[in-house]
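Let's take a walk through this protein together, one contact at a time. Keep the 3D view open and look up each residue as we get to it.

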Amino acid sequence: MTIRPELVEVITRTGPIPFEEFQERALYGSGGFFVGDALRSVKAGDFLTSPEVSPLFGETLGAFVAAEADRLGAVPRVVEVGAGSGSLLKALLEVIPAEAWAVEISMAAQIASSYVVGEDRVVPSLDDVPFDGPTVVIANELLDNFPVALAVRTDSGWEERWIGVDGKDLCLVAAPLRDEVADWVNRFGGDVPLGGMVEAHVLGDAWFRELLGRIETGAVCIIDYGDTAEALVPRRSFGTLRTYRSHHRGPDPLAFPGETDITADVNFSSLLALCSELGWESTLERQEDFLTRFGLRAKLSELRQEELALARDGDPMQRLIVRSRKNEAETLLQSRGLGDFRVLVARR
Ligand SMILES: C[S@@+](CC[C@H](N)C(=O)[O-])C[C@H]1O[C@@H](n2cnc3c(N)ncnc32)[C@H](O)[C@@H]1O
């Protein structure tokens with residue numbers, strides 16, 4: 001059920017609220033999209049993520065963790081933030097037997113993840129994870145869900161857009177720029193056309209800064225849609241804020257809060273800047289290239305060969321299994337699909 005009537009009532013009483021407060025309530029507040037019993041990132045849910053497309057994704061990340069174990073001289077603790085159903089960790093643990101933790105705020109996802117890592121290692125916050133010793137943190141499609149502030153470039157400079165009320169509906173209203181949003185937009189907004197919209201990832205960056213501050217040695221791997229500030233400029237006329245529901249692009253974010261995912265492209269420039277500021281080495285590459293580097297394209301060639309051999313003289317059922325695994329690998333690597341996601345790896 002949508003929480004729009006409650007929001008309309010609160011805003012009518014107290015006045016407009018910043019966009020990030022609206023998004024926080026719509027996704028994670030009472031009645032929010034990620035709060036109910038439903039797991040959102042699965043085939044029967046609202047969007048399909050790489051770990052749900054195939055266990056090959058988690059297995060390939062297992063190869064990445066194994067390479068990190070070589071570099072660090074010990075098998076690191078693995079922490080997945082926003083672990084969803086636990087599919088990524090399940091496949092990863094088949095490749096490398098690490099101590100794994102899932103950080104999740106959705107109850108449905110916490111329950112699902114507990115079957116993979118055990119109840120004691122599913123926690124709601126980074127505060128509950130031990131950060132002693134080498135650690136690898138993975139987050140797939142987490143940061144695009146962090147609440148953002150909205151800024152629009154006008155004739156007279158930048159303005160924010162907050163959420164106000166128009167009768168029984170929610171609407172965007174102009175608001176002056178807060179200092180933290182101004183700093184962020186001036187550094188990472190890019191060369192935006194007049195009327196263009198920028199989602200300021202002030203909260204996502206604060207989370208990332210805190211995370212890097214907790215890890216003494218290890219790596220962080222952030223996988224998501226988005227790009228650098230510069231590359232996002234052509235998407236700025238309308239901004240990148242959007243909704244998903246039942247695997248389709250959904251309605252206006254203000255129309256059915258609580259019933260749709262609300263998401264925005266991740267601006268990797270601000271994350272890269274934080275890595276340099278805090279003394280971490282970092283790389284940014286496409287998912288296709290990252291997965292290839294850790295063996296998925298080689299695996300795909302093997303699957304193609306295997307399928308051909310089975311077509312000649314094999315068991316038809318086995319051939320179907322191999323073919324579907326091959327299709328999954330192709331989906332993860334697809335240049336105009338999941339393969340075009342970005343992977344930031346930070347190391348220290
Ligand atoms: C888009 S889903 C992705 C799930 C999973 N990583 C996948 O790829 O299938 C985002 C998940 O992040 C969780 N989440 C959002 N903010 C979080 C936070 N601050 N800490 C932990 N989990 C969070 C949500 O509950 C949701 O399960």
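Start with Asp265 and Arg235, which form a salt bridge in this predicted model. Their closest N and O atoms are 2.4 Å apart. Where do Asp265 and Arg235 lie? Asp265 is in the loop between β14 (261-263) and β15 (266-267), while Arg235 is in the loop between α9 (229-232) and β12, so this pair ties together parts that are 30 residues apart in sequence. Now check how much of each partner can be reached from outside. Asp265 has a relative accessible area of 3%, which makes it buried because the cut-off for that is under 20%. Arg235 comes out at 35%, so it counts as partly exposed.

Stay around β12 for a moment. This strand covers residues 242-245, and Thr243 is part of it. Is Thr243 buried or exposed? Thr243 is buried, with a relative accessibility of just 2%. Who are its contacts, if we skip the neighbours within four places in sequence? They include His248, Arg249, Gly250 and Pro251, and also Thr260, Asp261 and Ile262.

Next, let's zoom out to the domains. The domain assignment splits the protein into domain 1 (50-146 + 203-235 + 242-290 + 338-347) and domain 2 (295-333). Taken over C-alpha atoms, the centres of the two domains are 28 Å apart. Their contact takes 11 residues from domain 1 and 10 residues from domain 2. Together the two domains bury about 900 Å² between them, and 65% of that is on carbon and sulfur atoms. Three residues stand out on the domain 1 side: Val53, Leu56 and Glu288 supply 52% of the area that domain 1 buries against domain 2, more than any other three residues.

What else links the domains? There is 1 salt bridge between domain 1 and domain 2, and there are 4 residue pairs in polar contact. On the side of domain 1 that touches domain 2, the elements giving two or more residues are α3 (50-53), α4 (55-72) and α11 (287-293). Of these, α4 gives the most, with 4 residues. Sorted by class, that side of domain 1 has 5 nonpolar, 5 polar and 1 charged residues.

Look again at Glu288, which forms a salt bridge with Arg297, with 3.1 Å between the closest N and O atoms. Glu288 and Arg297 belong to a network of salt bridges that also links Asp227, Arg286, Asp340 and Arg342. Asp340 and Arg342 meet through their side chains at 3.2 Å, N to O. In that pair, Asp340 is partly exposed at 32%, whereas Arg342 is buried at 12%.

Now move to another salt bridge, where the side chains of Glu307 and Lys326 meet at 3.1 Å, N to O. Glu307 lies in helix α12 (residues 296-313) and Lys326 in helix α13 (residues 316-333), so the pair ties together parts that are 19 residues apart in sequence. Both partners are buried: Glu307 has 10% relative accessibility, and Lys326 has 14%. A search of the whole structure finds 26 salt bridges.

Finish at helix α1 (residues 4-14), where Leu7, Val8, Val10 and Ile11 are buried. What do the buried residues of α1 pack against? They pack against β1 (17-18), α2 (19-28), β7 (157-166) and β8 (169-175). Just after α1 comes Gly15, with a positive phi of about 100 degrees.

Technical notes. Residues are numbered from 1 along each chain as its sequence is written. This is a predicted model: local features need pLDDT of at least 70, side-chain atom pairs count only at pLDDT 80 or more; totals for chains, interfaces and linings use all residues. Side-chain values use heavy atoms; hydrogens and water are left out. Domain bounds come from an automatic or database domain assignment. Contact means heavy atoms within 4.5 Å. Buried area is the accessible area (1.4 Å probe) that two parts lose on being put together, summed over both. A salt bridge is a side-chain nitrogen of Lys or Arg within 4 Å of a carboxyl oxygen of Asp or Glu. A polar contact is a pair of N or O atoms within 3.5 Å; within protein, one must be able to donate a hydrogen and the other to accept it, and residues adjacent in sequence count only if both atoms are side-chain atoms. Ala, Val, Leu, Ile, Met, Phe, Trp, Tyr, Cys and Pro count as nonpolar, Asp, Glu, Lys and Arg as charged, and the others, Gly among them, as polar. Buried means under 20% relative accessible area, exposed over 50%, partly exposed in between (1.4 Å probe, protein chains only).
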